[in-house]
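Grab a pencil and work through these exercises with the structure in view. Try each task yourself before you read its solution.

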Amino acid sequence: MMLGSVLNPINSTIIAVTLIPIGDALGAPPSQTAWLVSALYLATALGQPVMGRLIDIFGPRRLFLVSTSLVGVAGVVGTLAPDLGVLIASRVLLGFGTCAGYPAAMALLRSEARRTGQDSPGGVLTALAVANQTIAVIGPLLGGLLIGLGGWRATFALNVPLAVVAVLLGLFRLPKVAGAEVSPRRGRLAARLDLPGMALFAAMLVSLLLFLMNPHPRDWYLLVTAAAASAAFAVRELRAPTPFIDLRVLGGNTPLLITYGRALVAYVVAYSFLYGFTQWTEEGFGLSPFHAGLVQIPMFLVAIGVSVVSGRREGVRGKLLVGALGQVVACVVMLTLTGGSPVWTLVLVALIFGVPQGLNNLALQNSVYFQADPERTASSAGLLRTFAYIGSMVASSTAAASFGQRADTGGLHHLAWIMLGAGVLHLLLTVFDRALGRTPDRTHDRATDGDASAGTS
């Protein structure tokens, strides 16, 4: 479970220190290498809820094995890529390949909760969060080491052994029967999959994210396409007997909808820092990729400590409030940085960001586990990641627009102001969300009751 769920974050963090070396090697400015970030999250934002729904139906094992095998293929393609276009294609494959890990882990947690009668797996949820944070610590440093030893291509080759180990563990350790029973009749299976709904969801999300990658009035047709696909998707899902995303149930679960919105703005801030700040430390401040990775380590170490200390406490409101305030404070400090700032100020910013990094991830994950319909745990977890990746896409395009041809201090300050606005919005969404005051079990019961009433209305 842990290895599968960390395949995505390790590729997310490793790329942060490789953008500049890749750009230098392939003659691409930051505005073009930003596609290496966007491509992975575009694929993952689309694939996570689709994979989650398939896991809800078929169980996690077979989807995990197929998806993780694709990670190894993507590693080979990226290692041998002759140009930026092929490299971007390998990141798309990585995005789809890493889709199954997190939904599969959440589905297994839910099945174990049913088997044992224990519906508050706080320790396991904390372990998943800490595993992701630990990989995030290793990612930038490991990326810098691999670049020093074998160049940026070594960071793509890393996926091959990781995929092999994950597939072997999945073959020997994942339960062969877990999830809903699937009828062998092809017609009933196609109806349960809701392929038209998935296709309309894909059209809506891809057109929206393509616009967000590089917003410009000339691309108005992408917004029109997204709106049309959204309307068609809503009509389809409201009429489908077994919808891909049950809009009636989701619409009746207000706490879960607010959690998704909170995740979107929280990850805009988090990923803007991860990619924008790292590029600035290399180009604007003059650090090597290895030392830029070292600057990130305090953030992740603090995040791990915060997750471990707060992980077994049931409440999420306090975690989210402190996390939102931490993002606001860190953005304000970023506005004071210049190319001549002492190194300790860079470390200070990383330390401050570590607090929300640890609290927000854990609180959002726990919120979805308790607020989601138990029968759609994997797809609900996939949707959480989708909203997080939409936030990352906004962050990537914002960083590219702020820096342009070079990651200088003026661009960093422009990015920090945008991050500050998102952080304030995150804080407001938390302060005025009264549902967060309830205990997890009560929140889950309320969401389940709302789902039942919505399903019968």
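Two residues are in contact when they have heavy atoms within 4.5 Å. This is a predicted model, so local features need pLDDT of at least 70 and side-chain atom pairs count only at pLDDT 80 or more, while totals for chains, interfaces and linings use all residues. Residues are numbered from 1 along each chain as its sequence is written, and side-chain values use heavy atoms, with hydrogens and water left out.

**Exercise 1. An arginine and its partners**

Find which residues arginine 262 is in contact with, leaving aside its neighbours within four places in sequence.

*Solution.* Start with the location: arginine 262 belongs to helix α14. Helices here are DSSP runs (H or I, at least four residues), strands are runs of E with at least two, and both are numbered from the N terminus. Next, check the accessibility. Buried means under 20% relative accessible area, exposed means over 50%, and partly exposed is in between (1.4 Å probe, protein chains only). Arginine 262 has a relative accessible area of 0%, so it is buried. Finally, list the partners: Leu320, Leu364, His426, Leu429, Thr430, Asp433 and Leu436.

**Exercise 2. The chain as a whole**

Work out how many helices and strands the chain has, and what share of its residues is buried.

*Solution.* Count the elements and you get 20 helices and zero strands. Then turn to burial: 58% of the 457 residues are buried. One more step for contacts: take those in the chain with a separation of 6 or more, and 84% of them join residues 24 or more positions apart.

**Exercise 3. Leucine 84 and valine 77**

Decide for leucine 84 and for valine 77: buried or partly exposed?

*Solution.* Take leucine 84 to begin with, in helix α5 (residues 84-97). Its relative accessible area is 14%, so leucine 84 is buried. Skipping neighbours within four places in sequence, leucine 84 touches Ile22, Leu26, Ala28, Gln32 and Leu36. Its C-alpha is 9.1 Å from that of glycine 27, although 57 residues separate the two in sequence.

Now for valine 77, which sits in helix α4 (residues 60-80). Its relative accessibility is 27%, so valine 77 counts as partly exposed. Beyond four places in sequence, valine 77 is in contact with Val86, Ser90 and Leu93. Between the C-alpha atoms of valine 77 and phenylalanine 156 there are 8.3 Å, with their positions 79 residues apart along the chain.

**Exercise 4. Pairs of rings**

Find how many aromatic pairs there are, and work out what kind of pair phenylalanine 201 and phenylalanine 233 make.

*Solution.* Get the rule straight: rings of Phe, Tyr and Trp (its six-membered ring) pair if their centres lie within 6.5 Å; planes under 30 degrees apart count as stacked, over 60 as edge-to-face and the rest as tilted. By this rule there are nine aromatic pairs. For phenylalanine 201 and phenylalanine 233, the ring centres are 5.7 Å apart and the planes are at 50°, so the pair is tilted. Phenylalanine 201 is in helix α11 (residues 195-213) and phenylalanine 233 in helix α12 (residues 220-239), so this pair ties together parts that are 32 residues apart in sequence. Both phenylalanine 201 and phenylalanine 233 are buried.

Try phenylalanine 277 and tryptophan 280 too: with centres 6.0 Å apart and planes at 35°, the pair is tilted. Both lie in helix α14 (residues 254-283), three residues apart, about one turn of the helix. Phenylalanine 277 and tryptophan 280 are also buried. These two belong to one aromatic cluster, formed by Phe273, Phe277, Trp280, Phe285 and Phe353.

**Exercise 5. How sure is the predictor?**

Find which element has the lowest mean pLDDT and which has the highest.

*Solution.* Recall that pLDDT is the predictor's confidence in each residue, from 0 to 100. The chain's mean pLDDT is 81, with 89% of residues at 70 or more. Among the elements, helix α20 (residues 440-456) has the lowest mean, 41, and helix α8 (residues 153-157) the highest, 93. Then look at the weak stretches: residues 178-187 have pLDDT below 50, and the model gives this stretch 17 contacts beyond near neighbours in sequence. Residues 439-457 also stay under 50, and the model has 25 contacts for them beyond four places in sequence.
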